[in-house]
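Here's a friendly walk through one protein model, meant for someone meeting it today. Have a look at the picture, then read on.

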Amino acid sequence: MTDEEQAKRSAADDEPEGLGQAENGEVEEPAELAAEDVVGGGEQPTERQQEREQAIVDEPVAESEEEAKRSAAGGEPEGRDRGLAETTEATQDGSPAANDEETDEPADETPRVKPEIPGMDLEPDFASAEDRPISYSEDEEPEADEEAEEEDTFSQPIANASIDLGADARYRATGKRKTAVARVILKPGTGAYLINGRTLDVYFPRVTLQRNIRQPLETVGFEDRMDVIATMHGGGVSAQAGALRHGVSRALLEADPNLRGELKRRGFLTRDARAKERKKAGLKKARKRPQFSKR
């Protein structure tokens, strides 16, 4: 046996089964190969590859099932597509989808009439303030009327005043207001005032102060039959005027003690105790304090 024959025989022994040689010496391929030899060169596929293959196979099946359900339902769209379709139909028809169905009842064509307000035909009748009747209960009375009555009463002179106007009659009293003191002497005369050697108009130029000083004699009704002589010191102009009125009232009480009730009710015998409060140590005034400073 030659070397060539031995080499051919060894090559034939090394070839896999199922493969044959043709007559002309070419290698014949098998008709069918095993699945193991095709995938991965004989290796088994992994789990991830199997899942991917299964997903690829299942996708067309799921789509086909959804299409079948839609066709069974009559081809109506669902979800958002259905809402869009209804909106489109409503705009095309010119009426909302909810009103597509026609009702059997006929529409009421009569116009709606607004109900009338009761009392619209009446004319307002306003009464003026003068025509309105003023009604008060038995227990309540208007305060304005009481004040007016008091003013009328105080303005009228005291009718039962009986003062001796003899030629030698002298009625002395002392009046005070704040720090002012007035020593007053009443005597029969023509109604003149002499204060520290000066007349009333000169010593008290204010008309208001003059009116307050004349009130006691006007109340008694002797403003033209008695003269007033006063000596004053202390206080200011207003305080001296109050002290003089207080002194004249007390002098009238000396002339006729029966005038106490009327003069006291009018407030002529009460000393006005209002006075300026004194300054305290550490304060700027009576109560005003210096501003607090934290730093």
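Let's start with a rule for rings: those of Phe, Tyr and Trp (its six-membered ring) pair if their centres lie within 6.5 Å, and planes over 60 degrees apart count as edge-to-face. By that rule, the protein has one aromatic pair. The partners are Tyr203 and Phe204, whose ring centres sit 4.9 Å apart with 70 degrees between the planes, an edge-to-face arrangement. Both Tyr203 and Phe204 are buried. Keep in mind that what you're looking at is a predicted model.

**The whole protein**

Stepping back, the protein has 295 residues, and 18% of them are buried. The secondary structure adds up to nine helices and seven strands. The accessible surface comes to about 24,600 Å², with 47% of that area belonging to carbon and sulfur atoms. What about contacts between residues at least 6 apart in sequence: what share joins residues at least 24 apart? The share is 63%.

**The sheet**

Five strands make up an open sheet, and its order is β3-β4-β7-β5-β6 with mixed pairing. The edges are β3 and β6 (198-199), each of which pairs on one side only. Helix α8 packs on this sheet and touches β3, β4, β5 and β7 (226-233), with its direction at about 145 degrees to that of β3.

Here's how the neighbouring strands are joined, pair by pair:

| Strand pair | Bridges | Direction |
|---|---|---|
| β3 and β4 | seven bridges | antiparallel |
| β4 and β7 | eight bridges | antiparallel |
| β5 and β7 | three bridges | parallel |
| β5 and β6 | two bridges | antiparallel |

Some individual partners help you find your way across the sheet. Starting at the β3 edge, Arg172 has Ile185 of β4 as its bridge partner, while Ala173 is matched with Val184 of β4. Moving on, Leu186 is bridged to Val228 in β7, and Ile195 has Ala230 in β7 as its partner. Over at the other edge, Leu194 is partnered by Thr199 of β6.

**A closer look at β3**

Strand β3 covers residues 171-177 and has two faces. Which residues are on the covered face, and which are on the uncovered one? Tyr171, Ala173, Gly175 and Arg177 are on the covered face, whereas Arg172, Thr174 and Lys176 are on the uncovered one. β4, the strand bridged to β3, spans residues 180-188. Together β3 and β4 form a hairpin with two residues between them, and in that turn Lys178 has a positive phi of about 55 degrees.

Now for Arg177, which belongs to β3. Is it buried or exposed? Arg177 counts as buried because its relative accessible area is 11%, and the cut-off for buried is under 20%. Leaving out residues up to four places away in sequence, Arg177 touches Ala239, Gly242, Ala243, Arg271, Asp272 and Arg274.

**Two helices side by side**

Next up are helix α7 (residues 207-220) and helix α8 (residues 237-255), which pack with their axes 9 Å apart at an angle of about 5 degrees. That angle is why α7 counts as roughly parallel to α8, since the label applies to angles under 35 degrees. On the α7 side, the contact is made by Leu209, Asn212, Ile213, Gln215, Pro216, Leu217 and Val220. The α8 side brings in Val237, Ser238, Ala241, Leu244, Arg245, Val248, Ser249 and Leu252.

One residue to pick out here is Ile213, which lies in α7. Ile213 has a relative accessibility of 0%, so it counts as buried. Apart from residues up to four places away in sequence, Ile213 touches Tyr193, Leu200, Phe204, Ala241, Leu244 and Arg245. Phe204 in that list takes us back to the aromatic pair with Tyr203, while Ala241, Leu244 and Arg245 belong to the α8 side of the helix contact. How far apart are the C-alpha atoms of Ile213 and Gly247? They are separated by 9.8 Å, with the two residues 34 apart along the chain.

Terms used. Residues numbered from 1 in each chain as written. Predicted model: local features only at pLDDT ≥ 70, side-chain atom pairs only at ≥ 80, totals over all residues. Heavy atoms only, no water. Phe/Tyr/Trp six-rings, centres within 6.5 Å; stacked < 30°, edge-to-face > 60°. Buried < 20%, exposed > 50% of the residue type's maximum accessible area, 1.4 Å probe, protein only. Helix = DSSP H or I, 4+ residues; strand = E, 2+ residues; numbered from the N terminus. Pairing = 2+ DSSP bridges. Contact = heavy atoms within 4.5 Å. Areas by Shrake-Rupley, 256 points an atom, 1.4 Å probe, with all protein chains shown as cover. Axes fitted to C-alpha atoms, helices over the stretch in contact; angles between N-to-C directions. Parallel < 35°, antiparallel > 145°, perpendicular 65-115°, else oblique.
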